[in-house]
Amino acid sequence: LRIILLTKSDSLFRLVRIKREVVQTMGLFHDIVSESCENYFQRYRRRTYVTPKSYLSFINGYKEVYTEKLNSINEQAERMQTGLSKLMEASESVAQLSKDLAVKEKELAVTSIKADKVLEEVKESAEAATKIKLEVQDVKDKAQRIVDAIDIEKQEAEKKLEAAKPALEAAEEALKNFARDTINDETVELVQPYFEMEDYTLQHGKKVCGNVAGLLSWTQAMVVFYGVNREVLPLKANLAKQEGRLKIANAEKDKAQAELDEKQAELDKVQAKFDAAMKEKMDLEYDAETCKRKMQAASALIDGLSGEKVRWTQQSKEFKSQIKRLVGDILLCTGFLSYCGPFNQDFRNLLLKDLWETELRNHKIPFSDDLNLIAMLVDQPTISEWNLQGLPGDHLSIQNGIIVTKASRYPLLVDPQTQGKEWVKNKEQDNELQVNSVLKEWCVLYYTPSNIVALEGVCI
């Protein structure tokens, strides 16, 4: 705990010291530029000035640019850290997926053995059930054939009975007061000769006597009843017999069907068990394959980004170092924006490299030794766009473009070659550019919503 508190205390002390040095150095920067203005006049005969307002602009610009760059670096660092975290998560995910895959492969092996065992049971049950089904089906088919044959015989008997029914009913009506069961072959044989006589007819009997006609009709009915009944009785007996057989055949058929249903139920049960085992196996295979694909994809991603991981890690460290150096880098950048506009390239380099950087080292303010002001203040796509709009590509022109667009005070362009004028026109053509002649006939000011002022020609 004491070490942590000491570390925090040292860090806080360092920040306070740097802040104090920055305040002093900003004043020194202003004084250095003030002295350089006289040197610049002595050397180039061009008069430039700095005022307290320049210093206030320097301070405000420092706060704005520092906040902007700090937020930008933190945002980049956060994205970089997010990428590293994702890579770390992917590595952990691959490790976990590898463990999961090993477990699933073991489970799959056990399930495969289980499924194979159940498959053997299914095969055995299927073979036994098939054999029994064939036997039962044979019994069922035989019973069905018997049922069909009995049905045919029954229909034939019923047809004959239906044909004999009128004659039998008529004979029964004539013999209703007679013991019909006493009629036999001997009785019919005794009366048969009478039927061969020519005058043994109902018409002739009516002529002789009514009683004779009744007797004659009675004997004829007796013979007819006996003849029809002799054919009907076997049919009835056979029909009763066939119905008994039919009942037995249907019972055998139902029994066979019950056995068949029982075996089918057993087979369905085993098949369901097999289907469940196969589903479990297929689910495990799918899970294992999915796990393997995820692991391969994650491994491919990690392998593909292995180089990026090194670069991101190094860049993440660089961001931290860049934030530490930001306090000095922004001093140079905002000093450039606030003071370097009137000077040529040589004097700008003199201020930045020889004078200001020396003060930063003397006051132990961290900064980048190889600071690139242009890259620090503007990105390459913006520079390319400026070039397309007519701004020359040399360092001095790019620096002037940065001062025009980034400085907090109104920039004044002295542009004898009209390059700046064309750039301003093209850049601000969509921003309601206004052109006004104010100084001399050949001097034109360009006012834009972004407070840019351009002068055409050389103003005296």
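UniProt positions are given here in the numbering of this chain, with feature names shortened, and its annotations may be inferred rather than shown by experiment. This is a predicted model, where local features need pLDDT of at least 70, side-chain atom pairs count only at pLDDT 80 or more, and totals for chains, interfaces and linings use all residues. Residues are numbered from 1 along each chain as its sequence is written, and side-chain values use heavy atoms, leaving out hydrogens and water.

**Exercise 1. Find the coiled-coil annotation and check the 70-107 stretch against the model.**

Step 1: Start with the record. The unreviewed UniProt entry lists "coiled-coil region" for residues 70-107, 140-174 and 239-280.

Step 2: Now look at the model. Residues 70-107 are 100% helix and 0% strand, and the C-alpha atoms at the two ends sit 54 Å apart. Helices here are DSSP runs (H or I, at least four residues; strands are E, at least two), numbered from the N terminus.

**Exercise 2. Work out how the rings of Y40 and F343 are arranged, and what parts of the chain they link.**

Step 1: Get the rule straight. Rings of Phe, Tyr and Trp (its six-membered ring) pair if their centres lie within 6.5 Å; planes under 30 degrees apart are stacked, over 60 edge-to-face, and the rest tilted.

Step 2: Searching the whole structure with that rule turns up eleven aromatic pairs. In one of them, Y40 and F343 have ring centres 5.0 Å apart and planes at 90°, so they're edge-to-face.

Step 3: Place the two residues. Y40 belongs to helix α1 (residues 2-44), while F343 sits in the loop between α6 (306-339) and α7 (345-362), 303 residues apart.

Step 4: Check burial (buried is under 20% relative accessible area, exposed over 50%, partly exposed in between, with a 1.4 Å probe and protein chains only). Y40 comes out at 0%, so it's buried, and F343 is buried too, at 3%.

**Exercise 3. Trace Y339 and W356 from their pair into the nonpolar core.**

Step 1: Y339 and W356 make an edge-to-face pair, 6.5 Å centre to centre with 65° between the planes. Y339 is in α6 and W356 in α7, so the pair ties together parts 17 residues apart in sequence.

Step 2: Both residues are buried, and they share one aromatic cluster with F29 and F58.

Step 3: Go to the core (buried Ala, Val, Leu, Ile, Met, Phe, Trp, Tyr and Cys residues joined through side-chain atoms within 4.5 Å). The largest one has 53 residues, and W356 is among those with the most contacts inside it, as are L331 and F336. Helix α6 supplies the largest share, eleven residues.

Step 4: Zoom in on L331. Skipping residues up to four places away in sequence, L331 touches V22, T25, M26, F29, F58, Y62, L360 and I365 (heavy atoms within 4.5 Å).

**Exercise 4. Locate R45 and K364, two non-glycine residues with positive phi, and decide whether they're buried or exposed.**

Step 1: R45 has a phi of about 60° and lies in the loop between α1 and α2. At 55% relative accessibility, R45 counts as exposed.

Step 2: K364 has a phi near 55° and lies in the loop between α7 and α8. K364 counts as exposed as well, at 63%.

**Exercise 5. Count the disulfides, then look at C37 and C340.**

Step 1: Apply the cut-off (cysteine sulfur atoms within 2.5 Å). The count is zero.

Step 2: C37 is buried at 5% relative accessible area, and C340 is buried at 0%.
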